[in-house]
Structure formats: C-alpha cells, structure tokens
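Please open the model in your viewer and keep the selection tool handy. We will go from stop to stop, and at each one I will tell you what to pick and what is there.

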Amino acid sequence: MGTRTSYGPGTFCWINLSSTDVEAAKRFYAALFGWDYAERPADGATFSMARRYGADVAAIYGQEEQERAHGLPSHWNSHVSVEDADASADRAKELGGAVLVEPFDVSDAGRTAVLADPAGATFRVWQPRRHIGAGRVNDVGCLTWNDLITNDAERASAFYSGLFGWRFKRLDTGDGPAYWVIQHQAAAGGINGGMRELSGDEAQTIAPAWRWVPYFTVESAASTIDEAKAFGGRVLDGPVRIGAGTVAVMRDPTGAVFAVFEGPIDD
C-alpha cells in the first residue's frame, strides 16, 4: 500500500523536520509512528532518515544556524516535486511569493529551494535526482496529507495555481472554517492536499499561524493522542470527526506542529 517510485511535478513528495533537539524528536516519533532511523551524512549535515516498512518516509535533522538565529521553533518542511527548482523559485517571485533560500544541491539526492507564499507560509520545492522523496505514503506511520492554514485563501490559491497548476474546490463545512481540496492531475487520485482558513483559536496556538501542516496516518487517533502526551507532546486541536475520518493537530516536545488522521486512505 502506498509504495512510490516517482512523483509527478506539482505533488507533495517529502517532509523533513528541522529540529532544535534531534534526539528528543527521534524518540518521540519512533514511539508514535514506529519509525527506525538510518543516519546519512550530506553536505556537512547528518540526516536521520525515518524508516517504515523498509522505506524512507521522512527525515529529521538539526536546525540550521540561520533558523536558530531567528528563534524559530522546530518545524516540519513540506516538499513539492518539480522539474526545475531554479525555474520554480523564479516563478514564485513573479507570483508575489518570496525565495527564502536560493536553490541549492543536496549532495546527489536532488536540488531544493525554500519558498514562501504571499501570506508567509513556507514550503520547499524538490527537484529529484537520486532521491525521489518518500518511498511509502498513505499507510500507518506515513505521510498522508498536507494542509495549508492561511489567513489569505484568495491570494494563496492564486499563487499555488500559478506555480503548480493546482485547482481548489471548496467543500461545504457548514458552520466550520472554509476548506478547499487541492486538485492536481499528477497526484494520486487527483487530490493533493487541502487549504483552510485560519481560525481565531489557531492564532493563539499555532505560531506562525499560517503554515503547511503534514498529516500522518494512524490506526487510532485517541491512542496516538495518549501516546503523544505520555512522551511530551501536546494536543492543539481535536480529535475532530471529519467525513469518514478523525483528525487531531499536535505539537511535538520540541515545538513542531503536525497532525494525525485515522480513517480510510487511498493507495
């Protein structure tokens, strides 16, 4: 289930955790998701490659000095696969976004750049070479979804549509915050994540408030919440029933925000 050997341009392909305490983060996610790790050096840094079912599913590495200098907490980085990282960075600037870190090579694994949308949400583009991204998704302990929490849905949708060719379909959420499903032909099943508006509570609990949040599949949201609390995590929102599944947003012991999903998943 969920084995990947390639990703189409414009689809989420990888996540890594920039952590202020790598060992604490590794213990937490190993307990939560059953990860084991393989240490891999690259360009003077060491990446702890998280493994599940014999495949790379994420990475954890020590926070970069420039991030520490700005007092940033630990955070997950969502990567979108592209054919040309340099061209994507140039296009992001044309669309009103920002290039926070210019394109650079990550050894022979690929080429990346750190970008921000017009509302300030950061993400990364990934031009694959030896490393395509996650070898497994949409399974327990693996990445299954990416949500953009934004305070400017109109500008965000225009930006990402221009950059990646995404389309946004608004769902009926009743009295809840507005929510859009991201559609893209290169994504499995044509669905490539979601976007939702910032709620008042999130402005107090999630800083920065507008960001990309990765979701991981779990067998039981309730049990995962209990385990997260036992290992020093904190629940920010949920568990909440949505459609056929249950979600919860959490913060790990080093400050990184992520979410879990219990429910049916696609291959």
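Is Arg130 buried or exposed? Arg130 is exposed, with a relative accessible area of 57%. Keep in mind throughout that this is a predicted model.

**Stop 1: a salt bridge between two loops**

Leave Arg130 selected and add Asp108. Their side chains meet in a salt bridge, 3.0 Å from N to O. This pair links distant parts of the chain: Arg130 sits in the loop between β8 and β9, while Asp108 sits in the loop between β6 (98–106) and β7, 22 residues apart. Asp108 counts as partly exposed, at 43% relative accessibility.

Now select Asp86, Asp105, Arg111 and Arg129. These residues are linked in a network of salt bridges. Across the whole structure, a search finds 12 salt bridges.

**Stop 2: helix α1**

Next, select residues 22–33, which make up helix α1. The helix has 12 residues and reaches 16 Å from its first C-alpha to its last, close to the 16 Å expected at 1.5 Å a residue. Color its buried residues: Val22, Ala24, Ala25, Lys26, Phe28, Tyr29, Leu32 and Phe33. Just past the helix comes Gly34, whose phi is positive, near 75°.

Which residue does the side chain of Lys26 meet in a salt bridge? Add Glu39 to the view: the N to O distance is 2.9 Å. Lys26 belongs to helix α1 and Glu39 to strand β2 (residues 36–42), so you are looking at a link between distant parts of the chain, 13 residues apart. Lys26 counts as buried at 12% relative accessibility, whereas Glu39 counts as partly exposed at 41%.**Stop 3: from strand β2 to strand β4**

Stay on β2 and select Arg40, then add Asp56. The two form a salt bridge, with the closest N and O atoms 2.7 Å apart. Asp56 lies in strand β4 (residues 55–62) and Arg40 in strand β2, so the pair ties together parts that are 16 residues apart in sequence. Asp56 is buried, with a relative accessible area of 10%, and Arg40 is partly exposed, with 32%.

**Stop 4: strand β13 and its partners**

Select residues 211–217, strand β13, where 7 of 7 residues are buried. In a regular strand the side chains alternate between the two faces of the sheet. Here both faces are covered: Arg211, Val213, Tyr215 and Thr217 are on one side, and Trp212, Pro214 and Phe216 are on the other.

Which way do the partners of β13 run? Strand β9 (residues 143–150) pairs with β13 in the antiparallel sense over 6 bridges. Zoom in on Leu148 to find its bridge partner in β13, Trp212. Strand β16 (residues 257–262) pairs with β13 in the parallel sense over 3 bridges, and Tyr215 stands opposite Ala259 in β16.

**Stop 5: the nonpolar cores**

In soluble globular proteins, nonpolar side chains tend to be buried together. To look at this here, select Leu115, Phe123, Val125, Tyr160, Phe164, Trp166 and Trp212. Of the 26 residues in the largest nonpolar core, these touch the most other members. The elements that give two or more residues to this core are α3 (85–94), β7 (110–116), β8 (122–128), α4 (153–164) and β11 (179–183). The largest share, 6 residues, comes from α4.

Center the view on Trp166 and show its surroundings. Leaving aside neighbours within four places in sequence, Trp166 is in contact with Gly10, Phe12, Val80, Tyr160, Ser161, Ile182, Gln183, His184, Asn192 and Trp212. A second, separate core has 25 residues, including Leu17, Leu32, Trp76 and Ala248. You have already colored Leu32, one of the buried residues of α1.

**Stop 6: Ser81 and the cysteines**

Select Ser81, which lies in strand β5 (residues 75–81). Ser81 is buried, with a relative accessible area of 2%. Not counting residues up to four places away in sequence, Ser81 touches Tyr7, Gly8, Pro9, Gly10, Thr11, Cys13, Trp126 and Pro128.

Let Cys13 lead you to the last selection. How many disulfides does a search of the whole structure find? The search finds 0. Select Cys13 and Cys142 and check the sulfurs: the closest cysteine sulfur to that of Cys13 is in Cys142, 15 Å away, which is too far for a bond. Cys13 is buried, with a relative accessible area of 1%, and Cys142 counts as buried at 0%.

Notes. Residues are numbered from 1 along each chain as its sequence is written. This is a predicted model: local features need pLDDT of at least 70, side-chain atom pairs count only at pLDDT 80 or more; totals for chains, interfaces and linings use all residues. Side-chain values use heavy atoms; hydrogens and water are left out. Helices (H or I, at least four residues) and strands (E, at least two) are DSSP runs, numbered from the N terminus. The expected span of a helix is 1.5 Å times one less than its number of residues. Buried means under 20% relative accessible area, exposed over 50%, partly exposed in between (1.4 Å probe, protein chains only). Two strands pair if DSSP finds at least two bridges between them. Contact means heavy atoms within 4.5 Å. A nonpolar core is a set of buried Ala, Val, Leu, Ile, Met, Phe, Trp, Tyr and Cys residues joined through side-chain atoms within 4.5 Å. A salt bridge is a side-chain nitrogen of Lys or Arg within 4 Å of a carboxyl oxygen of Asp or Glu. A disulfide is a pair of cysteine sulfur atoms within 2.5 Å.
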